[in-house]
Amino acid sequence: MSSLPESVSARYARFAREEAPGRSALYGEWAGGVAADAAAQEVLGRIAPSHRQPPLVFAVARMLGSGEGGYREWREWVLTHGDELVAECTARTLQTNEPLRCAALLPALAGFDGPIALLEVGASAGLCLYPDRYSYRYRGVAGEIVLDPPGGASPVVLESELHGQHVPPLRHPEIVWRAGIDLAPLDPADPATEAWLTALVWPGETGRADRVRSALRIAAADPPLMFAGDGVEQLARAVAAAPRETTLVVQTPGVLAHLGWHARHELIESASAAGRWITLDAPGLHEGWRGGAPTTRVAEGFALARDGIVLGVADPLGRWLEWHPGECDLRG
């Protein structure tokens, strides 16, 4: 047996063991099946390693019509439609666009007075560029905090848990300009965008697809300015387009992990030089933290930071937030 199927087997076994539990029983079943199935491994082994992550392959398969049956049924579809699956995976990248991340980013944005020009690198369809258009419901030590836009409740209501004893600053930012950079920007008004972004939602994640659909309608009604290309290369062009007399905020939630080590730090340096920088990243992902690399006290937490200063820890998708007041790192 060649090493390629073994590599596919190991990756899918790890996904079934470490990533699927608690999020998607179906994806766990599919990944476990692939890990023990030489025929399925042969098909997926034809996809470049950078394009055969289980969430990407599974999303593409569902978008192409595999259905959401058990592994045996899914396997038959893969073996029958292997060429189509390989071609589509090769043309796609993970573009998960979860507006709930705004619930984690909002306290970092609350530290800036308006007007704000908001620029996101890795923006996908731009759904995280509308934190001012969403409603928020935070639940924690202070009970429920209800935060609606000045014009009234939004069709997108983001619900998040506040962990710990501290309540973060929470207010809608004054955003007067919004733009995104992506290798392949998605048009929020295009039905194909909705099909793709909802396919990227894992089976079993209740309410997430509806949230994406509602956020797409908000973005489609007032589309952001989008720049296609590499984040570092396009950053200067995007920054030049931002209106003067605004606070430029560059946000990078979820994108740095898709870059190489050198490119991550080049982007951090460019974003910091261009304006203010907020991010939500795994603690060991880069060395852009002020005061040293943080370590989270909550399992699976990401560091929420503003200008490299860690303000708290949060779920990578914004489902919970633990705020640490002041200039804090989370070591010890």
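A pocket, in this talk, is an open set of grid points with protein on both sides within 12 Å along at least five of seven lines, and its lining residues have an atom within 4 Å of a point. Hello everyone, and one reminder before we look around: this is a predicted model.

Let's start with the second largest pocket. Its volume is about 200 Å³. Who lines it? From the earlier part of the chain come Gly22, Arg23, Glu98 and Leu100, and the lining also includes Gly204, Glu205, Thr206, Arg208 and Arg211, along with Leu317 and Arg319. Sorted by class, that lining has six charged residues, three polar ones and two nonpolar ones.

Now please keep Arg208 in mind, since this residue of the pocket lining also lines the largest cavity. How many cavities of 30 Å³ or more are there? The count comes to one. The largest cavity holds about 40 Å³ of space. Around it you will find Thr96, Asn97, Leu197, Leu200, Val201, Arg208 and Val212. By class, this lining has four nonpolar residues, two polar and one charged.

Leu197 from that cavity lining takes us to helix 8, which covers residues 191-199. Which residues of helix 8 are buried? They are Thr193, Trp196, Leu197, Thr198 and Ala199. As for their partners, the buried residues of this helix pack against helix 2 (25-35), helix 4 (54-64) and helix 9 (208-221). At the N-terminal end of helix 8, Asp190 acts as a cap, with a side-chain oxygen 2.9 Å from the backbone nitrogen of Ala192.

On to the cysteines. How many disulfides does the structure hold? Zero. Take Cys102: why is there no bond to Cys128? Cys128 has the closest cysteine sulfur, but the two sulfurs are 4.4 Å apart, and that is too far for a bond, because a disulfide needs the pair to lie within 2.5 Å. Cys102 has 1% relative accessibility, so it counts as buried. Cys89 counts as buried too, at 0%.

Let me finish with some backbone details in the loops. Gly114 and Pro115 are joined by a cis peptide bond, with omega at about -5 degrees. You can find Pro115 in the loop that runs between helix 7 (101-109) and strand 1 (116-121).

After strand 1, the loop leading to strand 2 (135-140) holds Ser124. This residue is not a glycine, yet its phi is positive, near 55 degrees. Is Ser124 buried or exposed? Its relative accessibility is 2%, so it counts as buried.

Asp307 is another non-glycine residue with a positive phi, about 55 degrees. Look for Asp307 in the loop between strand 9 (302-306) and strand 10 (309-314). What does the side chain of Asp307 make a polar contact with? Its partner is the side chain of Arg276, at 2.6 Å. Setting aside neighbours within four places in sequence, Asp307 is in contact with Arg276, Trp277 and Arg290.

If you take one residue back to your desk, try Arg208, which lines both the second largest pocket and the largest cavity. Thanks for listening!

Terms used: Residues are numbered from 1 along each chain as its sequence is written. This is a predicted model: local features need pLDDT of at least 70, side-chain atom pairs count only at pLDDT 80 or more; totals for chains, interfaces and linings use all residues. Side-chain values use heavy atoms; hydrogens and water are left out. On a 1 Å grid over the protein atoms alone, a cavity is a set of points where a 1.4 Å probe fits but cannot get out, and a pocket is an open set with protein on both sides within 12 Å along at least five of seven lines; lining residues have an atom within 4 Å of a point. Grid points are joined across faces, edges and corners, and a volume is the space filled by probe spheres set on the points. Ala, Val, Leu, Ile, Met, Phe, Trp, Tyr, Cys and Pro count as nonpolar, Asp, Glu, Lys and Arg as charged, and the others, Gly among them, as polar. Buried means under 20% relative accessible area, exposed over 50%, partly exposed in between (1.4 Å probe, protein chains only). Helices (H or I, at least four residues) and strands (E, at least two) are DSSP runs, numbered from the N terminus. Contact means heavy atoms within 4.5 Å. A polar contact is a pair of N or O atoms within 3.5 Å; within protein, one must be able to donate a hydrogen and the other to accept it, and residues adjacent in sequence count only if both atoms are side-chain atoms.
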